Amino acid sequence: MKHLLIIFVLLHVSSAFTTLFTKVPSILAPLTQTKRAELKSRILDLASQTKRGLEASPEQQEEIASLFEQLERYNPTPNPLLTDRVNGDWSLKYTTSDSILGKGGSPRIGPIVQTIDAKNLRAENRETVRYLGLVDVPRSVQAALTPVDAQFTNVKFEKFVIGPVGINVPEGRFRGSLDITYVDDEMRLSRGDKGNIFVLTRM
């Protein structure tokens, strides 16, 4: 009888712990969502203040890098290239890439847009550049994606378009990579092959 009682107590305790741990994810979900929202809001505030990173001070760059890394830990989509979440038009809000920002050169006017089509393994970047402070010229680059896994893909640039003129890229030139480290229904974080980071929002 004593042994049966002990077994009963152990089963009861085991059941209680199982129930508790089953409920933990649902209990923590609101906290996770709140943390995500806070990090995203702060990143976008800094992105706006720094004009997509063009005027970011070293301190602001450091803060955004820290927030970026924190948000990556809350990624709700572990295999982005296998989902529809990554597809569509995305507007660049912040980057550390001087070349994409046009730092020291002709300014970018309006949104800088990246379109991803993971199903057909295609991508396109579009922007408008103001030359000599007078003429706005649309530019774009078309690329093929070669995924290494469900998050990381190599990128082969195939065609540059400047105004009405298209230029095909010689084979083997202009390659890069894209590591999609966070994506939800509103925001995407990516890392490039040169160590740059990118914050984009869905259009």
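Contact here means heavy atoms within 4.5 Å. With that in hand, take Ser190: leaving aside neighbours within four places in sequence, Ser190 is in contact with Phe68, Leu178, Asp179, Ile180, Thr181, Asn196, Ile197 and Phe198. Keep in mind that this is a predicted model, with an average pLDDT of 89 and 86% of the residues scoring at least 70. Here's a quick tour, starting with confidence and ending with a couple of odd backbone angles.

**Where to trust the coordinates**
- Two stretches score poorly: pLDDT stays under 50 over residues 4–11, and it also stays under 50 over residues 16–22.
- For residues 4–11 the model has zero contacts beyond four places in sequence, and zero is likewise the count for residues 16–22.
- Where pLDDT is low, the predicted coordinates shouldn't be read in detail.

**Around Ser190**
- Ser190 sits in strand S8, and its relative accessible area is 0%, so it counts as buried.
- Its side chain makes a polar contact with the side chain of Arg188, at 2.9 Å.
- One of the residues in contact with Ser190 is Phe68, which is itself among the buried residues of helix H2.

**Helix H2**
- H2 runs over residues 58–72, which makes 15 residues.
- From its first C-alpha to its last, H2 reaches 21 Å, close to the 21 Å expected at 1.5 Å a residue.
- Ile64, Leu67, Phe68, Leu71 and Glu72 are buried in H2.
- Why do those buried residues end up on the same side of H2? Because they cover an arc of only 140° around the axis.
- Pro58, Glu59 and Glu62 are exposed, on the other side of H2.

**Salt bridges**
- The structure holds 15 salt bridges; side chains of opposite charge can pair when their charged atoms come close.
- Lys40 forms one with Glu186, and the closest N and O atoms are 2.8 Å apart.
- That pair ties together distant parts of the chain: Lys40 is in helix H1 (residues 2–49), while Glu186 is in the loop between strand S7 (175–183) and strand S8 (187–192), 146 residues apart.
- Lys40 is buried, given its relative accessible area of 12%.
- Which residues share a network of salt bridges with Lys40? They are Asp184 and Glu186.
- Glu171 pairs with Lys156 in a salt bridge, with 3.5 Å between the closest N and O atoms.
- This pair also links distant parts of the chain, with Glu171 in the loop between strand S6 (165–168) and S7 and Lys156 in strand S5 (residues 152–162), 15 residues apart.
- Glu171 meets Arg175 in a salt bridge too, at 3.7 Å from N to O.
- As for accessibility, Glu171 is exposed at 65% relative accessible area, Lys156 is partly exposed at 22%, and Arg175 is partly exposed at 48%.

**Unusual phi angles**
- Most residues other than glycine have a negative phi.
- Lys51 goes against that habit, with a positive phi of about 55° although it is not a glycine.
- Arg52 also has a positive phi, near 70°, and is a residue other than glycine.
- Where do they sit? Lys51 is in the loop between H1 and H2, and Arg52 is found in the loop between H1 and H2 as well.
- Is Arg52 buried or exposed? Arg52 counts as buried, at 19% relative accessibility, since the cut-off for buried is under 20%.

How values were computed. Residues numbered from 1 in each chain as written. Predicted model: local features only at pLDDT ≥ 70, side-chain atom pairs only at ≥ 80, totals over all residues. Heavy atoms only, no water. Helix = DSSP H or I, 4+ residues; strand = E, 2+ residues; numbered from the N terminus. Expected span 1.5 Å × (residues − 1). Buried < 20%, exposed > 50% of the residue type's maximum accessible area, 1.4 Å probe, protein only. Arc of directions from axis to C-beta. pLDDT = per-residue confidence, 0-100. Salt bridge = Lys/Arg side-chain N within 4 Å of Asp/Glu carboxyl O. Polar contact = N/O pair within 3.5 Å; in protein donor to acceptor, adjacent residues only side chain to side chain.
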